[in-house]
Amino acid sequence: MIGMLAFSKAGHDKQTVYMIIKEDAEYVYLSDGRLKTVEHPKKKNKKHIQPIKQGMDEAITEKLKQEIPVRNEDVKKVIKDFIRKKEASDV
């Protein structure tokens, strides 16, 4: 799931879009590039997120899988592009 975008399904951040930066057996670590940075991601239970298939950036996904540092600006851009496309398709 690393590199995928995800909606938060529960908590005070419900319906917020994040990028999955890291995962382990029970949790994922999420970043929005702004409040939850790549350096300090949000730890969230896997059952409290809804992964999104579209919107993945292959270059960022590869960097994350190879543990190469990713910039917060790159994460923000991917999320912003996804939201813009989603709003355009909802109109």
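In this predicted model, the count of aromatic pairs comes to one. The ring centres of phenylalanine 7 and phenylalanine 82 are 6.3 Å apart and the ring planes stand at 65°, so the pair is edge-to-face; the angle falls in that class because planes over 60 degrees apart count as edge-to-face. Phenylalanine 7 belongs to strand 1 and phenylalanine 82 to helix 2, so the contact ties together parts that are 75 residues apart in sequence. Phenylalanine 7 and phenylalanine 82 are both buried.

**Strand 1 and its partners**

Strand 1 covers residues 5-8. Side chains in a regular strand alternate between the two faces of the sheet. In strand 1 both faces are covered, with Leu5 and Phe7 buried on one side and Ala6 and Ser8 buried on the other.

Which strands does strand 1 pair with? Strand 2 is one of them, antiparallel to strand 1 and joined to it by three bridges. Within this pairing, alanine 6 is opposite tyrosine 18 of strand 2. Strand 5, residues 49-52, also runs antiparallel to strand 1 and is joined to it by four bridges. Here phenylalanine 7 is opposite glutamine 50 of strand 5. Phenylalanine 7 therefore has a place both in the aromatic pair with phenylalanine 82 and in the pairing of strand 1 with strand 5.

**Salt bridges**

Side chains of opposite charge can pair when their charged atoms come close. Across the whole structure there are eight salt bridges. The table gives three of them, with the N to O distance for each.

| Residues | N to O distance |
|---|---|
| Lysine 44 and aspartate 13 | 3.1 Å |
| Lysine 86 and aspartate 90 | 3.5 Å |
| Arginine 71 and aspartate 74 | 3.9 Å |

The pair of lysine 44 and aspartate 13 links strand 4 (residues 42-45), where lysine 44 lies, to the loop between strand 1 and strand 2, where aspartate 13 lies; the two parts so tied together are 31 residues apart in sequence. Are these two residues buried or exposed? Lysine 44 has 8% relative accessibility and counts as buried, and aspartate 13, at 5%, counts as buried too; the cut-off for buried is under 20%.

The salt bridge of lysine 86 and aspartate 90 is within one element: both residues lie in helix 2 (residues 72-90), four residues apart, about one turn of the helix. Lysine 86 is partly exposed at 35% relative accessibility, while aspartate 90 is exposed, with a relative accessible area of 55%. Elsewhere, Asp13, Lys42 and Lys44 are joined into one network by salt bridges that share partners.

In the pair of arginine 71 and aspartate 74, arginine 71 counts as exposed at 51% relative accessibility. Its partner, aspartate 74, counts as partly exposed at 23%.

**The largest pocket**

The largest pocket holds about 200 Å³ of space. Strand 2 (17-23) and helix 1 (58-65) are the elements that give two or more residues to its lining. Which element gives the most to this lining? Helix 1 does, with three residues.

The lining residues include Ile2, Ile21, Lys22, Tyr29, Val38 and Pro41. Lys63, Leu64, Lys65, Glu67, Ile68 and Pro69 also line the pocket. Sorted by class, the lining has eight nonpolar residues, four charged residues and no polar ones.

**Residues with positive phi**

Glutamate 67, one of the pocket-lining residues, has a positive phi near 60° and is not a glycine. Glutamate 67 is in the loop between helix 1 and helix 2. With 72% relative accessibility, glutamate 67 counts as exposed.

Glutamine 15 likewise has a positive phi, of about 70°, although it is not a glycine. Its place is in the loop between strand 1 and strand 2, the loop that also holds aspartate 13. What is the relative accessible area of glutamine 15? The value is 53%, and glutamine 15 is exposed, whereas aspartate 13 counts as buried.

Conventions
Residues are numbered from 1 along each chain as its sequence is written. This is a predicted model: local features need pLDDT of at least 70, side-chain atom pairs count only at pLDDT 80 or more; totals for chains, interfaces and linings use all residues. Side-chain values use heavy atoms; hydrogens and water are left out. On a 1 Å grid over the protein atoms alone, a cavity is a set of points where a 1.4 Å probe fits but cannot get out, and a pocket is an open set with protein on both sides within 12 Å along at least five of seven lines; lining residues have an atom within 4 Å of a point. Grid points are joined across faces, edges and corners, and a volume is the space filled by probe spheres set on the points. Ala, Val, Leu, Ile, Met, Phe, Trp, Tyr, Cys and Pro count as nonpolar, Asp, Glu, Lys and Arg as charged, and the others, Gly among them, as polar. Buried means under 20% relative accessible area, exposed over 50%, partly exposed in between (1.4 Å probe, protein chains only). Two strands pair if DSSP finds at least two bridges between them. A salt bridge is a side-chain nitrogen of Lys or Arg within 4 Å of a carboxyl oxygen of Asp or Glu. Rings of Phe, Tyr and Trp (its six-membered ring) pair if their centres lie within 6.5 Å; planes under 30 degrees apart count as stacked, over 60 as edge-to-face and the rest as tilted.
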